[in-house]
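Open your viewer and get ready to click along. We will go from stop to stop, with something to select at each one.

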Amino acid sequence: MNRVTAALIVFMHSLVILIPAISQEPYDKAAVVQVMRTAQGLLPGIKPAITKNDFFAAASNFWKFAEGMERLQRFKPPKGDPALWTKTLDDFVSAAMRGVGACGEKDAKKASAALAELQTLMASGHRVFR
Ligand code: HEM
(Lines give C-alpha, C1' and ligand atoms only; values in the text may rest on other atoms or scores of the structure.)
Protein backbone atom coordinates (compact mmCIF):
# COMPACT_ATOMS: atom_id res chain seq x y z
CA MET A 1 0.00 0.00 0.00
CA ASN A 2 1.49 3.40 -0.91
CA ARG A 3 1.34 6.49 1.30
CA VAL A 4 -1.40 8.19 -0.71
CA THR A 5 -3.67 5.15 -0.34
CA ALA A 6 -2.91 4.94 3.38
CA ALA A 7 -3.68 8.66 3.86
CA LEU A 8 -6.90 8.24 1.90
CA ILE A 9 -7.99 5.34 4.10
CA VAL A 10 -7.29 7.36 7.28
CA PHE A 11 -9.26 10.29 5.81
CA MET A 12 -12.23 8.08 4.89
CA HIS A 13 -12.28 6.61 8.39
CA SER A 14 -12.30 10.05 9.96
CA LEU A 15 -15.33 10.92 7.79
CA VAL A 16 -17.15 7.79 8.94
CA ILE A 17 -16.64 8.89 12.54
CA LEU A 18 -17.24 12.61 12.04
CA ILE A 19 -20.25 12.72 9.73
CA PRO A 20 -22.76 11.14 12.17
CA ALA A 21 -21.43 13.36 14.98
CA ILE A 22 -21.71 16.58 12.94
CA SER A 23 -25.13 15.80 11.52
CA GLN A 24 -26.70 15.25 14.95
CA GLU A 25 -28.78 18.05 16.48
CA PRO A 26 -27.94 19.34 19.99
CA TYR A 27 -29.33 17.32 22.90
CA ASP A 28 -32.95 18.24 23.61
CA LYS A 29 -33.52 17.30 27.24
CA ALA A 30 -37.23 18.17 27.23
CA ALA A 31 -37.89 15.95 24.19
CA VAL A 32 -35.87 13.05 25.61
CA VAL A 33 -37.53 13.23 29.04
CA GLN A 34 -40.97 13.33 27.40
CA VAL A 35 -40.27 10.20 25.33
CA MET A 36 -38.81 8.45 28.40
CA ARG A 37 -41.87 9.23 30.54
CA THR A 38 -44.16 7.97 27.79
CA ALA A 39 -42.02 4.81 27.59
CA GLN A 40 -42.30 4.36 31.34
CA GLY A 41 -46.08 4.48 31.00
CA LEU A 42 -46.08 1.94 28.15
CA LEU A 43 -43.80 -0.65 29.71
CA PRO A 44 -46.08 -2.11 32.44
CA GLY A 45 -48.96 -2.73 30.01
CA ILE A 46 -47.14 -4.96 27.54
CA LYS A 47 -46.55 -8.08 29.62
CA PRO A 48 -50.17 -8.37 30.86
CA ALA A 49 -51.46 -7.71 27.33
CA ILE A 50 -49.32 -10.57 25.96
CA THR A 51 -50.43 -12.85 28.82
CA LYS A 52 -54.08 -12.09 28.04
CA ASN A 53 -53.45 -12.69 24.31
CA ASP A 54 -54.49 -9.07 23.74
CA PHE A 55 -52.09 -8.76 20.82
CA PHE A 56 -53.69 -5.57 19.52
CA ALA A 57 -52.98 -3.70 22.78
CA ALA A 58 -49.45 -5.11 22.98
CA ALA A 59 -48.71 -4.17 19.35
CA SER A 60 -50.02 -0.67 19.93
CA ASN A 61 -47.60 -0.23 22.86
CA PHE A 62 -44.70 -1.70 20.90
CA TRP A 63 -45.40 0.73 18.06
CA LYS A 64 -45.54 3.75 20.39
CA PHE A 65 -42.13 2.71 21.71
CA ALA A 66 -40.74 2.61 18.18
CA GLU A 67 -42.18 6.02 17.28
CA GLY A 68 -40.85 7.72 20.40
CA MET A 69 -37.32 6.34 20.32
CA GLU A 70 -36.95 6.82 16.56
CA ARG A 71 -37.32 10.59 17.02
CA LEU A 72 -34.43 10.71 19.51
CA GLN A 73 -31.83 9.39 17.08
CA ARG A 74 -31.26 12.81 15.55
CA PHE A 75 -30.08 14.32 18.82
CA LYS A 76 -26.57 14.13 20.20
CA PRO A 77 -26.53 12.14 23.47
CA PRO A 78 -26.06 14.06 26.76
CA LYS A 79 -22.87 11.99 27.23
CA GLY A 80 -21.26 8.92 25.66
CA ASP A 81 -20.47 7.96 22.08
CA PRO A 82 -22.87 9.57 19.53
CA ALA A 83 -22.56 6.63 17.13
CA LEU A 84 -23.45 4.19 19.93
CA TRP A 85 -26.45 6.35 20.87
CA THR A 86 -27.76 6.11 17.31
CA LYS A 87 -27.09 2.36 17.20
CA THR A 88 -28.74 1.68 20.57
CA LEU A 89 -31.86 3.60 19.55
CA ASP A 90 -31.88 1.94 16.13
CA ASP A 91 -31.67 -1.50 17.80
CA PHE A 92 -34.45 -0.42 20.17
CA VAL A 93 -36.72 0.62 17.28
CA SER A 94 -35.97 -2.67 15.45
CA ALA A 95 -36.80 -4.72 18.56
CA ALA A 96 -40.05 -2.76 19.03
CA MET A 97 -40.99 -3.41 15.40
CA ARG A 98 -40.22 -7.11 15.90
CA GLY A 99 -42.67 -6.89 18.79
CA VAL A 100 -45.34 -5.47 16.47
CA GLY A 101 -44.62 -8.29 13.98
CA ALA A 102 -44.81 -10.95 16.69
CA CYS A 103 -48.19 -9.58 17.80
CA GLY A 104 -49.37 -9.77 14.18
CA GLU A 105 -48.47 -13.45 14.24
CA LYS A 106 -50.16 -13.79 17.65
CA ASP A 107 -46.88 -15.31 18.86
CA ALA A 108 -46.63 -14.68 22.61
CA LYS A 109 -43.15 -16.20 22.86
CA LYS A 110 -41.68 -13.92 20.18
CA ALA A 111 -43.49 -10.89 21.62
CA SER A 112 -42.04 -11.62 25.08
CA ALA A 113 -38.57 -11.99 23.55
CA ALA A 114 -38.95 -8.56 21.90
CA LEU A 115 -40.02 -7.08 25.23
CA ALA A 116 -36.96 -8.60 26.93
CA GLU A 117 -34.74 -7.01 24.25
CA LEU A 118 -36.30 -3.60 24.94
CA GLN A 119 -35.56 -4.00 28.62
CA THR A 120 -31.95 -5.00 27.94
CA LEU A 121 -31.49 -1.97 25.67
CA MET A 122 -33.07 0.30 28.28
CA ALA A 123 -30.56 -0.95 30.86
CA SER A 124 -27.56 -0.50 28.57
CA GLY A 125 -28.88 2.87 27.29
CA HIS A 126 -29.22 4.16 30.85
CA ARG A 127 -25.85 2.79 31.92
CA VAL A 128 -24.05 4.62 29.10
CA PHE A 129 -26.07 7.78 28.43
CA ARG A 130 -28.12 8.73 31.45
C1 HEM B 1 -38.28 0.79 27.85
C2 HEM B 1 -37.42 1.73 27.59
C3 HEM B 1 -37.09 2.90 28.47
C4 HEM B 1 -37.78 3.40 29.55
C5 HEM B 1 -39.08 2.91 30.18
C6 HEM B 1 -37.02 4.56 30.02
C7 HEM B 1 -37.37 5.34 31.10
C8 HEM B 1 -36.71 6.48 31.51
C9 HEM B 1 -37.14 7.35 32.58
C10 HEM B 1 -38.40 7.14 33.43
C11 HEM B 1 -36.25 8.40 32.66
C12 HEM B 1 -36.33 9.59 33.63
C13 HEM B 1 -37.12 10.70 32.96
C14 HEM B 1 -37.42 11.85 33.92
O15 HEM B 1 -36.50 12.65 34.19
O16 HEM B 1 -38.55 11.95 34.37
C17 HEM B 1 -35.24 8.16 31.65
C18 HEM B 1 -34.16 8.99 31.41
C19 HEM B 1 -33.23 8.81 30.41
N20 HEM B 1 -33.18 7.75 29.53
FE21 HEM B 1 -34.52 6.23 29.37
N22 HEM B 1 -35.91 4.72 29.23
C23 HEM B 1 -35.91 3.73 28.27
C24 HEM B 1 -34.95 3.53 27.30
C25 HEM B 1 -33.85 4.32 27.08
C26 HEM B 1 -32.87 4.12 26.04
C27 HEM B 1 -32.91 2.99 25.01
C28 HEM B 1 -31.94 5.14 26.15
C29 HEM B 1 -30.71 5.45 25.33
C30 HEM B 1 -30.40 4.97 24.17
C31 HEM B 1 -32.34 5.98 27.26
C32 HEM B 1 -31.68 7.11 27.67
C33 HEM B 1 -32.09 7.95 28.69
C34 HEM B 1 -31.44 9.20 29.03
C35 HEM B 1 -30.23 9.81 28.34
C36 HEM B 1 -32.15 9.74 30.10
C37 HEM B 1 -31.85 11.07 30.82
C38 HEM B 1 -32.74 12.17 30.27
C39 HEM B 1 -32.37 13.55 30.85
O40 HEM B 1 -32.77 13.83 31.99
O41 HEM B 1 -31.64 14.31 30.17
N42 HEM B 1 -33.49 5.45 27.79
N43 HEM B 1 -35.55 7.01 30.96
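Let's begin at aspartate 81, which sits in the loop between α3 and α4. Helix and strand labels here follow DSSP runs, numbered from the N terminus: helices are H or I runs of at least four residues, and strands are E runs of at least two. With 15 C-beta neighbours inside 10 Å, aspartate 81 counts as partly exposed. For that label, a residue is buried if 20 or more other C-beta atoms lie within 10 Å of its own, exposed if 12 or fewer, and partly exposed in between, with C-beta atoms placed from the backbone. Now add valine 128 to your selection: aspartate 81 and valine 128 are 47 residues apart in sequence, and their C-alpha atoms are 8.6 Å apart in space.

Before moving on, a note on what you are looking at: this is a predicted model, in which local features need pLDDT of at least 70 and side-chain atom pairs count only at pLDDT 80 or more, while totals for chains, interfaces and linings use all residues. Residues are numbered from 1 along each chain as its sequence is written.

**Next stop: proline 77**

Select proline 77, also in the loop between α3 and α4. Is proline 77 buried or exposed? Proline 77 is buried, as 21 other C-beta atoms lie within 10 Å. Leaving out residues up to four places away in sequence, proline 77 touches Tyr27, Pro82, Trp85 and Phe129. Touching, or being in contact, means that the C-beta atoms of two residues, placed from the backbone, lie within 7 Å. You can also draw a line from proline 77 to threonine 88, eleven residues apart along the chain: their C-alpha atoms are separated by 11 Å.

**Three helix pairs**

Two packed helices are described by the angle between their axes and the distance between the axes. Axes here are lines fitted to C-alpha atoms, for helices over the stretch in contact, and angles run from 0 to 180 degrees between N-to-C directions.

Colour α3 (residues 55-72) and α4: their axes come within 8 Å and cross at roughly 160°. That makes α3 roughly antiparallel to α4, a label for angles over 145 degrees (under 35 is roughly parallel, 65 to 115 roughly perpendicular, and the rest oblique). The crossing of α3 past α4 is left-handed, meaning that the near helix is turned anticlockwise from the far one by less than a right angle (clockwise would be right-handed). Among the residues making this contact are Phe62, Trp63 and Met69 of α3, and Phe92, Val93 and Met97 of α4. By class, the contact has 16 nonpolar, two polar and one charged residues. Here Ala, Val, Leu, Ile, Met, Phe, Trp, Tyr, Cys and Pro count as nonpolar, Asp, Glu, Lys and Arg as charged, and the others, Gly among them, as polar.

Zoom in on tryptophan 63 of helix α3. Tryptophan 63 is partly exposed, with 16 other C-beta atoms within 10 Å. The C-alpha atoms of tryptophan 63 and methionine 97 are separated by 6.6 Å, although the two are 34 residues apart along the chain.

Swap α4 for α2. The axes of α2 and α3 are 9 Å apart, at an angle of about 160°, and the two helices are therefore roughly antiparallel. α2 passes α3 in a left-handed crossing. Residues to pick out include Val35, Leu42 and Ile46 of α2, with Phe65, Met69 and Leu72 of α3.

Now show α4 with α5. Their axes come within 8 Å and cross at roughly 165°, and this crossing is left-handed. Among the residues that meet are Trp85, Phe92 and Arg98 in α4, and Lys110, Leu118 and Phe129 in α5. This contact divides into 14 nonpolar, four polar and four charged residues.

**Two loop residues**

Select asparagine 53, in the loop between α2 and α3. Asparagine 53 has a positive phi of about 55° although it is not a glycine. With 12 C-beta neighbours inside 10 Å, asparagine 53 counts as exposed.

Then jump to lysine 106, in the loop between α4 and α5, where phi is near 50°, a positive value in a residue other than glycine.

**Last stop: the ligand**

Which residues come nearest to the ligand? Of the 20 around the ligand, they are Met36, Ala39, Gln40, Met122 and Gly125; a residue is near a molecule or strand if its C-beta atom, placed from the backbone, lies within 6 Å of it. The elements giving two or more residues to this shell are α2 (29-51), α4 (82-104) and α5 (108-129). α2 gives the most, with eight residues.
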